[in-house]
Amino acid sequence: SHTDSPALKLKPEPTFRKENMQLFGVEIYGSPLLTSWLNRDLCLAGKVVILNAQETIEEKLVFIDDALLLIPQLAIHLDREVNEKGLVLDKQEHLCPIVGLCQEEEETTLAIESLIRRHVHFHTLLSFELFLVPIEPARLLGTGNELIASYRLDNLASTHACATAMAYLETPS
């Protein structure tokens, strides 16, 4: 089993502008089912490396869920052949989440830093490894709640099974 999951990872300098929108550039990590990332509430999670007020380097884990992101799918009236030909996504053009709106004169390069500052106090942001993460919680489905629906369920279930088996093997008889 493994604990990593196919995902969309922020590029090193992710923020860019298109028309009046701020967007984040992402790269593919693993082999995600790309259409499953469209029209979902997404947040950012991962690791940041900072220089604190004492000028010491620190690594911090972050879960940034107070500014939701979205990768919109083109409306059907703008892509009338999608049901016949299927959805075609350009990985560089169509998978960039919307961060927010901006005025023409607004600076867009600091969007990621300002989001991180909401959760971590620091003097300088040195680096980050952040992924888009669906925000909806796991839930039960079915008439008898007999099914579980959750992001990364296959990875988490196999990892849990391995950890449980290892703990069982380590337990003295």
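## Charged pairs

Let's start with aspartate 66, which is partly exposed at 41% relative accessible area; here buried means under 20%, exposed over 50% and partly exposed anything in between, using a 1.4 Å probe and protein chains only. Before going further, note that this is a predicted model, where local features need pLDDT of at least 70 and side-chain atom pairs count only at pLDDT 80 or more, while totals for chains, interfaces and linings use all residues. Residues are numbered from 1 along each chain as its sequence is written, and side-chain values rest on heavy atoms, with hydrogens and water left out.

What does the side chain of aspartate 66 meet in a salt bridge? The partner is arginine 118, at 3.6 Å from N to O. A salt bridge here is a side-chain nitrogen of Lys or Arg within 4 Å of a carboxyl oxygen of Asp or Glu. This one ties together distant parts of the chain, 52 residues apart: aspartate 66 sits in strand S4, and arginine 118 is in the loop between H2 and S6. Helices (H or I, at least four residues) and strands (E, at least two) are DSSP runs, numbered from the N terminus. As a general point, side chains of opposite charge can pair when their charged atoms come close.

By that rule, the count comes to 8 salt bridges. Another of them joins glutamate 136 and arginine 40, with 2.2 Å from N to O. Those two are 96 residues apart, with glutamate 136 in the loop between S6 and strand S7 (139-141) and arginine 40 in the loop between S2 and S3. Glutamate 136 is partly exposed, at 33% relative accessible area. Then there's glutamate 59 with lysine 47, whose closest N and O atoms are 3.9 Å apart. That pair links strand S4, home of glutamate 59, to strand S3, home of lysine 47, across 12 residues. Glutamate 59 counts as exposed at 56%, whereas lysine 47 is partly exposed at 28%.

## The nonpolar core

Which residues touch the most other members of the largest nonpolar core? Among its 29 residues, that role goes to Leu44, Val48, Ile116 and Leu132. A nonpolar core means a set of buried Ala, Val, Leu, Ile, Met, Phe, Trp, Tyr and Cys residues joined through side-chain atoms within 4.5 Å. Two or more residues each come from strands S1 (7-18), S2 (21-29), S3 (42-51), S4 (57-69) and S6 (124-134), and from helix H2 (111-117). S6 gives the largest share, 5 residues. In soluble globular proteins, nonpolar side chains tend to be buried together.

Isoleucine 116 makes a nice way in: leaving out residues up to four places away in sequence, it touches Val48, Ile64, Phe122, Leu125 and Leu130. Contact here means heavy atoms within 4.5 Å.

## Leucine 68

Leucine 68 lies in strand S4 and counts as partly exposed, at 41% relative accessibility. Setting aside neighbours within four places in sequence, leucine 68 is in contact with Asp41, Leu42, Cys43, Ile98 and Ile135. The C-alpha atoms of leucine 68 and proline 134 are 9.6 Å apart, with their positions 66 residues apart along the chain.

## The largest pocket

The largest pocket has a volume of about 490 Å³. On a 1 Å grid over the protein atoms alone, a pocket is an open set of points where a 1.4 Å probe fits, with protein on both sides within 12 Å along at least five of seven lines, and lining residues have an atom within 4 Å of a point. Grid points are joined across faces, edges and corners, and the volume is the space filled by probe spheres set on them.

Of the 24 lining residues, Pro72, Gln73, Leu74, Glu93 and His94 are the closest to the pocket's centre. S1, S2 and helix H1 (82-85) each supply at least two lining residues. The lining splits into 15 nonpolar, 4 polar and 5 charged residues, where Ala, Val, Leu, Ile, Met, Phe, Trp, Tyr, Cys and Pro count as nonpolar, Asp, Glu, Lys and Arg as charged, and the others, Gly among them, as polar.

## Loop residues

Two loop residues have a positive phi without being glycine. Glutamate 19, with phi near 55°, is in the loop between S1 and S2 and is exposed at 68%. Asparagine 39, with phi of about 55°, lies in the loop between S2 and S3 and is partly exposed at 46%.
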